[in-house]
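Biologist: Got a minute to go through this one with me? I'd like to start with the core and then look at the backbone.

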Amino acid sequence: MTARRLTLAAALAALAIAFFALRPPPTQGPALRDFEAYYAGGTTWRYHGDPYGRDVWRTERTIPGVVATRDELLPFVGPPYALPLYDALARLPWPAATIVWEAVLAAAVAVLAFGTLRIAGGRTGALDATASLVFVAGFGPLTSGIALGQAAVVACAGIVLVPLVLGPRLVLAATAAALAAALQPNLAIVLAARLAGTRSFIAFAFAFTIAAGGSLLALGGPDGLAHYADVLRRHAAAERFIAIQTSPAAVARALGATAHAAGTIGIVVAAIALAGIAAQCFSRRYAPNERLALACAAAPLVFPFAHEHDFTIAFLPALLVTRRASGGAWFVAACASLGIAVDWLGLAQRHAGVGESAALAAAAALALAALTRARLRPYHYVPVLVAAVVVIVGAAAAHAPRPPWAAALGAHVDERLDVA
């Protein structure tokens, strides 16, 4: 058995230990917790309520697992053109709707695992496909998004799918992929880096026209769109520095900077990242797919707000660079990729999950080693030590735990307050 096969076998063993021996008790509430908001948003829109207001609670409180005696309201902030899609899902009973959405998420995972592998190039045999799936399982933002039923997973799959279907007869398929990416508009913006050639321009123009026209129709005109823009502004302000926020400004604030200083740091970091990506995209050094990967890698430094599942966008550059790099570049890329792959917020919220997180980190590290094209060397196994870092950080976090949703909610919220 070759070293690569042994490495993959060890990764699979770590994955099995994580899922079957170290799995913590589930958190309270329904499965696919964020899908709850999409489902309620679609129902509310169908009955001409305000899907971006408190009306969604009328549906959410009826979902099995939600505690209806207190305000567990989850806001809906998705793009308006998606409301008819969520309405179609919401016409199904909740259990059936979750099965359909799980199938959509499974398809998105397949696109991320195998589509990214194809973009990265090189051999794509069964060993590589399996290693890519193991890396998916160990990539915290992605698995968190799957558990929550997050549209971010579908959006990132759309981003990966776009360059794969930009053929001469597949413009409509590329349009559909771009619309899937736009289910999370703050993620879809990276597709601008892939705007090269007539085909991509036509596909993106079609997607923009459908999204804009569909949003106008869904909200009844410009006033509805203005209301939606105001909702986004208020939510961004409300969530600017909360614990689940992982933007540069929020990190600076959490480390002790004043609100003004943290905001300035966020703007400066975003400006530097945008300038760097713009310079690289306009140079002749990188092909279109490499420009897309660069934009995906830089996106978390630019987002004014980013939750953990939004970091799924880093899966493409993480796999691509560790697949192609060698030597010291591979080592830096692998360590950086694993730094993103760990569910750090989960360590603060669930001390019982530290063992599982450590095993998943080890599995992801071994999967990256198995995916490299270079001959395996001792340094390829050093990133496995990130599992020890997870244990240390998890032990420290246990002294100041963060409650998971919705454990710390009070009984009621003043009904005069808006959702934000």
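Modeller: Sure, and keep in mind that this is a predicted model. The largest nonpolar core has 116 residues, and Phe35, Tyr86, Trp101, Phe135 and Ile159 touch the most other members.

Biologist: Which helix gives the most to this core?

Modeller: Helix 19, residues 354-371, with 14 residues.

Biologist: And what is Phe35 in contact with, leaving aside its neighbours within four places in sequence?

Modeller: Leu89, Trp94, Ala97, Thr98, Trp101, Leu148 and Gly149.

Biologist: Switching to packing: at what angle do helix 15 and helix 16 pack?

Modeller: About 120 degrees, with the axes 8 Å apart. Angles of 65 to 115 degrees would count as roughly perpendicular and those over 145 as roughly antiparallel, so helix 15 is oblique to helix 16. Their crossing is left-handed.

Biologist: Which residues meet there?

Modeller: From helix 15, Glu290, Leu292, Ala293, Cys296 and Ala297; from helix 16, Leu316, Pro317, Leu320 and Arg324. By class that contact has seven nonpolar, two charged and no polar residues.

Biologist: OK, backbone now. Where is there a cis peptide bond?

Modeller: From Trp405 to Ala406, with omega near 5 degrees. Ala406 sits in the segment after helix 20. Most peptide bonds are trans.

Biologist: Which residues have a positive phi without being glycine?

Modeller: Leu32, at about 55 degrees, and His48, at about 65 degrees, are among them. Leu32 is in the loop between helix 1 and helix 2, while His48 is in the loop between helix 2 and helix 3.

Biologist: Is each one buried or exposed?

Modeller: Leu32 counts as buried because its relative accessibility is 5%. His48 is at 76%, so it counts as exposed.

Key
Residues are numbered from 1 along each chain as its sequence is written. This is a predicted model: local features need pLDDT of at least 70, side-chain atom pairs count only at pLDDT 80 or more; totals for chains, interfaces and linings use all residues. Side-chain values use heavy atoms; hydrogens and water are left out. A nonpolar core is a set of buried Ala, Val, Leu, Ile, Met, Phe, Trp, Tyr and Cys residues joined through side-chain atoms within 4.5 Å. Buried means under 20% relative accessible area, exposed over 50%, partly exposed in between (1.4 Å probe, protein chains only). Helices (H or I, at least four residues) and strands (E, at least two) are DSSP runs, numbered from the N terminus. Contact means heavy atoms within 4.5 Å. Axes are lines fitted to C-alpha atoms, for helices over the stretch in contact, and angles run from 0 to 180 degrees between N-to-C directions. Angles under 35 degrees count as roughly parallel, over 145 as roughly antiparallel, 65 to 115 as roughly perpendicular and the rest as oblique. A crossing is left-handed if the near helix is turned anticlockwise from the far one by less than a right angle, and right-handed if clockwise. Ala, Val, Leu, Ile, Met, Phe, Trp, Tyr, Cys and Pro count as nonpolar, Asp, Glu, Lys and Arg as charged, and the others, Gly among them, as polar.
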